[in-house]
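Here are some short exercises to work through with the structure on screen. Try each task yourself before reading the solution.

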Amino acid sequence: MEKKILEKIYVLRKIKPENEWTSKLKEEILESQKKEESLSVFASLGSSVAKKYEVLVKLIRGVSDGNFSFLKTRNVSAFAGVFTFAIFFFVFMLPHFPLDYNRDIIYFPASSPALVEKEGGVEDEEDKRMVAKEEEMEIKKKSIEEPIEKEVAKLRENVRGLKVEVLGMMIEKERDIKKEELTDREITRYLIEIAKEDVATKNEDAMRIMSVEESKEDKKEDLTKDLIEEIKERMSSDETKEEEKETLYYAIEELSLDILKKAQ
Amino acid sequence: MFKSEEVKRKEEFEKIYDNHVDQIFRFVYLKVSSKETAEDITSKVFIRAWGAVKKGEVFCERKKGFQKKASLSVPESSASLRNPRAFLYQIARNLVIDYYRQNRKREDDEKGSSKNFPQTKVSLEKVVVPDKEMRADERAILESQVEEVKNALKGMKEEYQNVIIWYYLDELTSAEIADLLEKPESSIRVLIHRAVSALRKNLKTKK
């Protein structure tokens with residue numbers, strides 16, 4: 001490559017930025033991170049509040065460093081605004097806050113004028129009375145219900161105990177083992193089986209009773225039919241009088257109606 | 001003593017800044033016409049770089065846009081600073097392109113008025129750092145030489161400008177330039193040769 005061209009290119013190496021500018025730029029870039037961190041907490045409050053906070057920070061730093069040059073900056077107005085607001089807040093607003101430490105929240109007077117009237121008033125007492133009453137009811141309820149519940153639980157336990165006893169005896173007899181050797185699960189299973197058997201037995205009894213009743217009914221019907229036949233024979237006999245025949249006729253009708261009803 | 005991640009990143013960034021701010025400024029200045037614009041773009045480059053270092057992300061800026069490469073799989077401290085120079089040059093190139101797009105008309109005007117030496121001379125005084133014992137006339141010659149080459153460069157393709165600056169001024173190797181431009185090394189050598197030819201032609205033409 002030609003030496004001259006190279007020399008000319010190398011001349012461009014003399015192009016450099018000013019040292020003051022480069023160091024200032026570095027400082028600004030790294031400072032911007034600190035600013036972001038300090039303002040991030042207040043980002044949601046809006047930029048104006050964040051600026052005021054920044055001014056406050058500068059003020060505190062300035063005072064601590066003995067440097068009051070910030071007063072000459074444009075941020076004086078922002079600082080003045082913050083300072084004025086702070087004075088206004090502590091002197092005029094704070095005494096009006098109902099700072100009741102028993103409450104969970106502090107009410108702003110402007111937002112709830114009704115509360116200002118009721119401060120230490122009737123409604124508070126009423127609320128307290130209602131609450132006390134409710135608590136009393138609860139206590140009474142508990143005092144009544146608790147022993148009942150305890151008794152019921154005791155009875156249940158006793159019944160269960162008895163059942164287990166009986167079951168145990170039955171099992172001992174059947175399997176020739178001691179009931180203590182049974183697990184809870186096995187006991188439960190046996191109880192269920194017993195219950196099933198009980199139900200089945202009851203069902204059988206019910207069925208038996210029903211069949212007995214039914215058979216009685218059937219017998220009755222047969223008897224009625226036989227009776228009707230007898231009556232018919234008597235009616236057709238010559239020895240029966242006319243008056244008697246009429247009575248017999250009505251009797252047949254009545255008996256037939258009974259049979260019909262049962263059939264339905 | 002253990003340093004927090006933040007302090008480490010800050011120190012790394014400072015190192016990168018100190019090593020490359022002059023190069024980035026020169027690179028940008030040779031493409032734009034005013035010192036103020038060059039300062040502005042250079043500051044943007046490093047602000048973006050600092051933002052990336054803070055987040056621990058790896059950015060791979062391509063010609064057609066800005067693509068986030070990897071942020072979790074790559075170790076933070078090594079990934080973001082693996083090739084800081086390439087990273088910074090990528091940002092600088094994109095910002096210069098943005099500048100051209102926004103100020104195309106202004107650039108045309110400046111090209112037309114590039115013969116007005118008083119205007120450019122003022123900026124050169126602040127950016128050209130002569131040797132300490134240089135006389136005034138020597139300084140004037142230096143400044144005119146710089147101006148001549150700068151104008152010759154400006155008349156070239158962006159690719160040619162870049163390789164001249166990187167290869168001869170910043171002393172990057174052809175491998176590093178290949179990495180920057182994402183081209184094979186052989187192509188870079190060809191590119192350098194063509195760039196120099198173009199520069200020679202421009203310099204002769206302007207004479």
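**Exercise 1.** Work out how many residues chain A and chain B each bring to their contact, and what the chain A side is made of.

*Solution.* Start with the counts: in this predicted model, 20 residues of chain A and 31 residues of chain B take part in the contact. Next, look for the elements on the chain A side: α1 (3-11) and α2 (19-40) of chain A each supply at least two residues. α2(A) gives the most, with seven residues. Finally, sort the chain A side by class, and you get eleven nonpolar, two polar and seven charged residues.

**Exercise 2.** Describe how α1(A) and α7(B) pack.

*Solution.* Two things describe a pair of packed helices: the angle between their axes and the distance between the axes. Here the angle is about 105° and the axes are 8 Å apart. Angles from 65 to 115 degrees count as roughly perpendicular, so α1(A) is roughly perpendicular to α7(B). Now find the residues that meet: Lys8(A), Ile9(A) and Val11(A) come from α1(A), while Leu142(B), Gln145(B), Val146(B) and Val149(B) come from α7(B). By class, that makes five nonpolar, one polar and one charged.

**Exercise 3.** Sketch the layout of chain B, then find the residues that touch the most other members of the largest nonpolar core.

*Solution.* Chain B has ten helices and two strands. Reading from the N terminus, its elements go α-α-β-β-α-α-α-α-α-α-α-α. Of its 207 residues, 33% are buried. Taking contacts in chain B between residues at least 6 apart in sequence, 62% link residues at least 24 apart.

On to the core, which has 50 residues; Val28(B), Ala92(B), Val163(B) and Ile164(B) touch the most other members. Elements giving two or more residues to this core include α1 of chain A, along with α1 (5-29) and α8 (158-169) of chain B. α1(B) gives the most, with nine residues. Then zoom in on Ile164(B): setting aside neighbours within four places in sequence, Ile164(B) contacts Ile9(A), Leu153(B), Ala195(B) and Leu199(B).

**Exercise 4.** Which element of chain A has the lowest confidence, and which the highest?

*Solution.* Begin with the whole chain: chain A has a mean pLDDT of 71, and 59% of its residues reach 70 or more. Then go element by element: helix α5 (residues 113-117) of chain A is lowest at a mean of 47, and α1(A) is highest at 82. Residues 110-119 of chain A have pLDDT below 50, and this stretch has six contacts in the model beyond near neighbours in sequence. Where pLDDT is low, don't read the predicted coordinates in detail.

Conventions
Residues are numbered from 1 along each chain as its sequence is written. Chains are lettered from A and ligands numbered from 1 in the order in which they are written. This is a predicted model: local features need pLDDT of at least 70, side-chain atom pairs count only at pLDDT 80 or more; totals for chains, interfaces and linings use all residues. Two residues are in contact if their C-beta atoms, placed from the backbone, lie within 7 Å. Helices (H or I, at least four residues) and strands (E, at least two) are DSSP runs, numbered from the N terminus. Ala, Val, Leu, Ile, Met, Phe, Trp, Tyr, Cys and Pro count as nonpolar, Asp, Glu, Lys and Arg as charged, and the others, Gly among them, as polar. A nonpolar core is a set of buried Ala, Val, Leu, Ile, Met, Phe, Trp, Tyr and Cys residues joined through C-beta atoms within 7 Å. A residue is buried if 20 or more other C-beta atoms lie within 10 Å of its own, exposed if 12 or fewer, and partly exposed in between; C-beta atoms are placed from the backbone. pLDDT is the predictor's confidence in each residue, from 0 to 100. Axes are lines fitted to C-alpha atoms, for helices over the stretch in contact, and angles run from 0 to 180 degrees between N-to-C directions. Angles under 35 degrees count as roughly parallel, over 145 as roughly antiparallel, 65 to 115 as roughly perpendicular and the rest as oblique.
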